[in-house]
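Please read the following report alongside the sequence and the coordinates, following one side chain outward into the sheet around it.

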Amino acid sequence: MKVHMLALGVIISVALSGCQNPNANKVLLGAAAVGAVGTAYYAGRKHEKHKSDDKSEDSYRKDDSYDPSQLVDKSLSRAERSLSHHGYYRQQQENKHGNQIAYWNNRDSHHCIKLKSRDEKVTAAQRTYGHGCS
């Protein structure tokens, strides 16, 4: 959209330079003003969006306050959604003696959480290092 507004401004400027009709001149001048306002608005909105994106990335990096023990006794799907929301992704998963063990890493903070579940219910969740986390 920014490119379209810029092109519109250039076209109008060229047209204004050779226009002899006063009414057409006013119309073209108005169109140029609208194009300039649209371009400024678009640039401002884009800048604001990047500022809000930076804030959400910071919240993932600062996950020290995230307590994995709050996931215990929750459904497995709810726990996985919560981990994903906090910037974690499943690194590795294994099954042992009827238990499902999954290791979740956070790309930004480099924290790892070991999530143990049975019958689609979380039985243990803790920060861990070493096996399953890389």
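In this predicted model, the side chains of Q100 and Q93 are joined by a polar contact of 3.4 Å. Q100 is found in strand β2, and because its relative accessibility is 15%, under the 20% limit for a buried residue, it counts as buried. Leaving out residues up to four places away in sequence, Q100 touches L76, R90, Q93, E94, N95, L115, K116 and S117. The bridge partner of Q93 in β2, however, is A102.

The burial of Q100 belongs to a wider pattern along its strand: eight of the eight residues of β2 are buried, so this strand is largely enclosed by the rest of the structure. In a regular strand the side chains alternate between the two faces of the sheet. In β2, N99, I101, Y103 and N105 point one way, while Q100, A102, W104 and N106 point the other way, and all of them are buried.

The sheet itself is open, with four strands in the order β1-β2-β3-β4 and antiparallel pairing. Strands β1 (88-96) and β4 (121-127) stand at the edges with a single partner strand each, so one side of each is left without a neighbour in the sheet. On average, neighbouring strands are turned by 20 degrees against each other, direction ignored. The two pairings that involve β2 are set out below.

| Strand pair | Bridges | Residues between the strands of the hairpin | Positive phi |
|---|---|---|---|
| β1 and β2, antiparallel | eight | two | H97, about 50 degrees |
| β2 and β3, antiparallel | six | five | H110, near 65 degrees |

Within the pairing of β2 (residues 99-106) with β3 (residues 112-118), I101 has K116 as its bridge partner, and N105 stands opposite C112.

Helix α3 (residues 76-85) lies across β1, β2, β3 and β4 and runs at about 170 degrees to β3. In soluble globular proteins, nonpolar side chains tend to be buried together. Here the largest nonpolar core has 12 residues in all, namely Y66, L71, L76, A79, L83, Y88, A102, W104, I113, L115, V122 and A125. The elements giving two or more residues to this core are α3, β2, β3 and β4, and α3 gives the most, with three residues. One of the core residues is I113, which, leaving aside neighbours within four places in sequence, is in contact with Y66, P68, L83, Y88, A102, Y103, W104, Q126, R127 and T128.

Technical notes:
Residues are numbered from 1 along each chain as its sequence is written. This is a predicted model: local features need pLDDT of at least 70, side-chain atom pairs count only at pLDDT 80 or more; totals for chains, interfaces and linings use all residues. Side-chain values use heavy atoms; hydrogens and water are left out. Two strands pair if DSSP finds at least two bridges between them. Axes are lines fitted to C-alpha atoms, for helices over the stretch in contact, and angles run from 0 to 180 degrees between N-to-C directions. Contact means heavy atoms within 4.5 Å. A nonpolar core is a set of buried Ala, Val, Leu, Ile, Met, Phe, Trp, Tyr and Cys residues joined through side-chain atoms within 4.5 Å. Buried means under 20% relative accessible area, exposed over 50%, partly exposed in between (1.4 Å probe, protein chains only). A polar contact is a pair of N or O atoms within 3.5 Å; within protein, one must be able to donate a hydrogen and the other to accept it, and residues adjacent in sequence count only if both atoms are side-chain atoms.
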